[in-house]
Amino acid sequence: MVKQRLFPTVEGTPQGGTISPTLANATLDGMEKRLEERYAKRYMNGKLYYPKVHLVRYADDFCVMADKRETLEEIKVLLTEFLEKRGLTLSQEKTKITHVKDGFDFLGFNVRKYNGTLLIKPSKKSQKQFTEKLHDIIFSHKSVSQQVLIEKLNPVLRGWGNYYKHVVSKRVFSKTDHILTLQLKRWSYRRHTNKSSRWIKDKYFIKIGSRDWKFGFNYEGGGKMHTFVLLKLADIPIERYIKVKKDANPFDPTWDAYFERRQKKGCRVRPVKVGTLSESA
């Protein structure tokens with residue numbers, strides 16, 4: 001539906017539409033339960049044994065963790081049978097079995113153990129795609145003013161930074177800021193080929209406190225001086241996210257006290273309910 005006019009869909013679902021992940025969740029529902037039934041805790045030799053099998057799924061992307069490679073081989077066969085009944089198959093290119101010491105990418109994150117410590121960082125692929133996106137934005141706006149370019153870049157930087165601010169991203173943020181500064185220097189030099197580097201620095205970059213080479217400018221408004229600068233990813237604070245309990249349901253009033261406690265602790269609060277508006281959404 002566009003502007004009150006119906007455009008019937010012949011086949012398929014729109015890319016990025018909300019119905020696509022909804023259909024994926026409905027189709028793959030039961031995958032977790034199948035693994036829980038197959039690898040439930042049980043008694044072995046008089047001791048309670050936990051198989052240590054865990055599944056994490058986001059729409060049609062999922063990863064399975066286990067303590068043995070043989071177990072993962074069994075799970076791969078089990079999930080292949082599960083998907084075949086729904087007319088689906090595992091992607092041979094994206095499906096692999098690896099050790100956590102070697103790491104793996106999932107939803108743009110790299111999950112890997114370093115000397116026994118699990119660290120989650122932005123994946124190399126995501127970093128590369130993002131810097132390329134910044135490059136495309138900068139050099140597709142060669143003739144615009146500095147203010148317009150900053151207005152184009154800031155929402156992109158803020159969105160990417162907020163997505164990765166809950167993991168180990170500080171060094172990646174600083175590295176990306178450095179690459180962006182080099183790109184902006186090049187953008188500035190191309191506009192003024194006959195000017196010196198000192199002139200270009202004074203025109204497009206300012207110093208705030210002890211931090212130099214900040215892409216922005218000062219302007220006067222309301223009788224005061226103001227500063228309009230490019231967002232720095234390194235200025236986005238890292239926030240550790242506390243996982244929501246598995247059985248927590250934002251639509252169940254019995255869980256209201258739990259979500260209120262999370263909110264008081266500064267955690268991300270419940271998702272907005274359908275048909276309601278919430279300032280905390």
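Of the 281 residues of the protein chain, 30% count as buried, where buried means under 20% relative accessible area, exposed over 50% and partly exposed in between, with a 1.4 Å probe and protein chains only. This is a predicted model, in which local features need pLDDT of at least 70 and side-chain atom pairs count only at pLDDT 80 or more, whereas totals for chains, interfaces and linings use all residues. Residues are numbered from 1 along each chain as its sequence is written, and side-chain values use heavy atoms, with hydrogens and water left out.

**Overall form**

The protein chain has a radius of gyration of 25 Å, against a value near 19 Å for a compact globule of 281 residues; the radius is taken over C-alpha atoms, and the globule rule is 2.2 Å times the number of residues to the power 0.38. Along the principal axes, the C-alpha atoms fill a box of roughly 80 × 55 × 45 Å. The chain holds eight helices and 10 strands, defined as DSSP runs numbered from the N terminus (helices H or I, at least four residues; strands E, at least two).

**Cavity and pocket**

Rolling a probe the size of a water molecule over the atoms shows where empty space is left. On a 1 Å grid over the protein atoms alone, a cavity is a set of points where a 1.4 Å probe fits but cannot get out, and a pocket is an open set with protein on both sides within 12 Å along at least five of seven lines; lining residues have an atom within 4 Å of a point. Grid points are joined across faces, edges and corners, and a volume is the space filled by probe spheres set on the points.

The whole structure has one cavity of 30 Å³ or more. The largest cavity encloses about 80 Å³, and its lining includes D177, L184, W213, F215 and K232. Both α6 and β9 give two or more residues to this lining, and α6 gives the most, with four residues. By class, seven of the lining residues are nonpolar, one is polar and three are charged; Ala, Val, Leu, Ile, Met, Phe, Trp, Tyr, Cys and Pro count as nonpolar, Asp, Glu, Lys and Arg as charged, and the others, Gly among them, as polar.

The second largest pocket has a volume of about 260 Å³. Among its 14 lining residues, Y114, K121, K124, Q127 and V172 are the closest to its centre. At least two lining residues come from each of β6 (109–114), β7 (117–122), α4 (124–139) and α6 (170–191). This lining divides into five nonpolar, four polar and five charged residues.

**Rings and charges**

Rings of Phe, Tyr and Trp (its six-membered ring) pair if their centres lie within 6.5 Å; planes under 30 degrees apart count as stacked, over 60 as edge-to-face and the rest as tilted. The count comes to 15 aromatic pairs, two of which are tabulated.

| Pair | Centre to centre | Angle between planes |
|---|---|---|
| Y163 and Y164 | 4.8 Å | 90 degrees, edge-to-face |
| W187 and F215 | 5.8 Å | 80 degrees, edge-to-face |

W187 in helix α6 and F215 in strand β9 (residues 211–221) are 28 residues apart, so the pair links distant parts of the chain. W187 is buried at 1% relative accessibility, and F215 is buried at 3%. Y163 is partly exposed at 41%, whereas Y164 is buried at 3%. Ring pairs also link F109, F130, W160, Y163, Y164 and F173 into a cluster.

The charged end of K121 sits over the ring of Y114, 4.6 Å from its centre; the criterion is NZ of Lys or CZ of Arg within 6 Å of the ring centre and within 35 degrees of the ring normal. The charged end of K203 sits over the ring of Y204, at 5.5 Å from the ring centre.
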